[in-house]
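Let's walk through this model together, one chain at a time, and then look at where the chains meet. Keep the viewer open as you read.

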Amino acid sequence: MELVTPGFGLVVWTIITFLFLLFILRKFAWKPILGAVEEREDGIKSALASAESARKEMQNLKADNERILNEARAEREAMLKDARDIKAKMIADAKDEAQSQANKMIEQAQTAIESEKKAAMAELRNQVASLSIDIAEKVVRQELSNKDKQLQLVESMLSDAKLN
Amino acid sequence: MTLNTFRNVLFSALFMVISTMGFANEDTENPENEKFDAKEMILHHVKDAHEFHIMDINDKPVSIPLPIILYTDNGLVTFMSSEFHHDDSGQHIVEKNGMKFVKLHEKIYQLDGDAEAVAFDEEHHPTNASKPYDLSITRNVFMMWVSVFVLLLIFVTAARSYRKSEDNMPKGVAGFIEPLVVFVRDEIAKPMIGEHRYKKYMPYLLTIFFFIWINNIFGLIPIFNGANVSGNIAFTFTLALFTFIITTLVGNKNYWKHIFWMPGVPVPMKIFLMPIEIIGMFVKPISLMIRLFANITAGHVIILALMSLIFVFKSVAIAPVSIAFSLFITVIEIIVTAIQAYIFTILSALYFGMATEEEHH
């Protein structure tokens with residue numbers, strides 16, 4: 001029976017000792033330890049959160065980059081297309097110009113040839129005229145000596161002229 | 001590595017056996033012609049004592065005297081327990097401040113008036129002596145203070161190591177302590193009390209957990225002579241009393257309503273349940289008190305009984321069996337030290353949780 005009867009002295013000392021232990025440990029052990037543990041846990045939590053947000057930001061950045069890259073690509077495409085158009089246009093213009101220039105030159109050449117031809121014809125006509133006069137003069141001279149011969153001459157002359 | 005581990009195990013087993021033998025040997029104080037009384041020896045070990053008895057050498061007890069503090073009608077009286085000269089049968093009378101004291105079965109009696117010796121009735125109770133309030137620093141109080149000292153050493157050192165480290169990382173003893181503290185928080189306080197209210201109870205829960213545990217462990221160390229602090233009903237009574245007081249103080253309207261006017265049942269049932277709930281209020285801490293006391297005391301009794309077999313049979317041949325069995329029980333008891341501390345703490349937390357639970361619909 002004595003074994004299960006709480007002794008007065010031990011109860012008193014246990015109360016005192018336990019309260020002492022509780023207050024000392026609370027102040028000097030539990031508060032710092034739990035504080036440190038909690039602080040570390042909060043630190044880990046916030047580190048994870050910031051890592052997550054960094055990851056999201058990274059994703060956004062990547063998406064932005066992609067978009068900018070696509071835009072740049074499209075722009076380059078457009079620019080190249082413009083350049084090609086301009087090139088084609090320039091070539092076409094140059095061709096037209098050259099064509100017209102050539103046509104003009106041909107025209108000029110033709111006019112020049114025409115005029116040269118006319119001049120040549122005129123000179124030929126003059127030459128033929130003077131030759132005819134010469135012939136006529138010689139014929140006239142021969143006629144004075146020999147009528148037959150004159151005729152013969154005229155006839156040969158004319159055949160010559162025909163040949164010309 | 002394996003060899004080392006094996007050697008360690010072997011040495012610790014050997015050490016345990018030797019120290020347990022020493023611990024059992026001291027009970028051979030009875031002369032050879034006297035019959036060995038196992039019950040007497042076991043009770044002597046399990047109960048509290050006024051001196052710290054270590055062992056007997058050539059039938060001479062070696063013990064540390066502890067202060068005796070008595071509150072008598074004439075005020076406080078203090079003297080050392082060595083003044084009784086190891087007498088526990090009420091023969092040796094110590095006179096202080098004109099008062100006469102004797103020690104009988106680890107109880108201090110004050111002799112009435114001018115009595116010169118203790119007179120006994122048929123049941124061996126003193127008839128001419130009264131018991132003053134005994135506030136002595138007994139073996140259990142002494143061991144409790146040793147445990148407090150060790151606890152403070154461990155935990156204040158651990159707490160300081162956090163302050164020193166810049167990144168709050170546990171170092172040294174804190175690395176060993178932190179998982180236990182986190183265990184009490186995450187496995188006991190949070191699930192039992194609730195995520196939002198547990199913080200207030202953490203210091204109490206941690207303190208009882210480690211206080212009970214370390215005293216359980218100290219009770220198993222043979223050189224401390226099985227100081228049975230956590231197996232003493234006064235100790236468990238006090239801790240259970242604290243749990244009861246806290247439960248009663250923090251109890252909210254919902255808690256009291258469940259005791260006195262159980263919601264959700266018909267009126268006759270409410271009336272029927274009221275006395276049961278009121279009894280339950282007290283039974284909960286009483287169960288805490290008895291569970292810890294009985295578990296720890298039973299462990300001590302079994303180990304001591306196994307050791308007593310050697311002296312009961314008066315044969316060394318039985319010693320290997322006794323030692324093997326008590327070693328086995330001791331290993332189990334080592335587990336029990338933690339389990340009982342855990343159970344006491346988790347049930348206290350559960351009672352706090354029940355007392356502060358909000359009404360749910």
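Chain B contains nine helices and nine strands, where helices (H or I, at least four residues) and strands (E, at least two) are DSSP runs numbered from the N terminus. Before going further, please keep in mind that this is a predicted model, in which local features need pLDDT of at least 70, side-chain atom pairs count only at pLDDT 80 or more, and totals for chains, interfaces and linings use all residues. Residues are numbered from 1 along each chain as its sequence is written, while chains are lettered from A and ligands numbered from 1 in the order in which they are written.

The domain assignment, which is automatic or taken from a database, splits chain B into domain 1 (67–136) and domain 2 (140–356). The C-alpha centres of these two domains of chain B are 35 Å apart. Of the 361 residues in chain B, 34% are buried; a residue is buried if 20 or more other C-beta atoms lie within 10 Å of its own, exposed if 12 or fewer, and partly exposed in between, with C-beta atoms placed from the backbone.

Now have a look at a hairpin in chain B. Strand S1 (residues 51–57) of chain B runs antiparallel to strand S2 (residues 60–65) of chain B, and six bridges link the pair; strands count as paired if DSSP finds at least two bridges between them. One of the residues involved is B:Met55, whose bridge partner in S2(B) is B:Val62. Two residues sit between the strands of this hairpin, and there B:Asn58 adopts a positive phi near 50°.

Chain A has two helices and zero strands. Its C-alpha trace spans about 200 × 25 × 15 Å along the principal axes. The radius of gyration of chain A is 64 Å, whereas a compact globule of 164 residues would come out near 15 Å; the radius is taken over C-alpha atoms, and the globule rule is 2.2 Å times the number of residues to the power 0.38. In chain A, 9% of the 164 residues count as buried.

How many residues does each chain bring to the contact? Chain B gives 39 residues and chain A gives 30, with contact meaning that the C-beta atoms of two residues, placed from the backbone, lie within 7 Å. On the chain B side, H3(B) makes the largest share, 13 residues. The chain B residues that touch chain A comprise 27 nonpolar, seven polar and five charged. Here Ala, Val, Leu, Ile, Met, Phe, Trp, Tyr, Cys and Pro count as nonpolar, Asp, Glu, Lys and Arg as charged, and the others, Gly among them, as polar.
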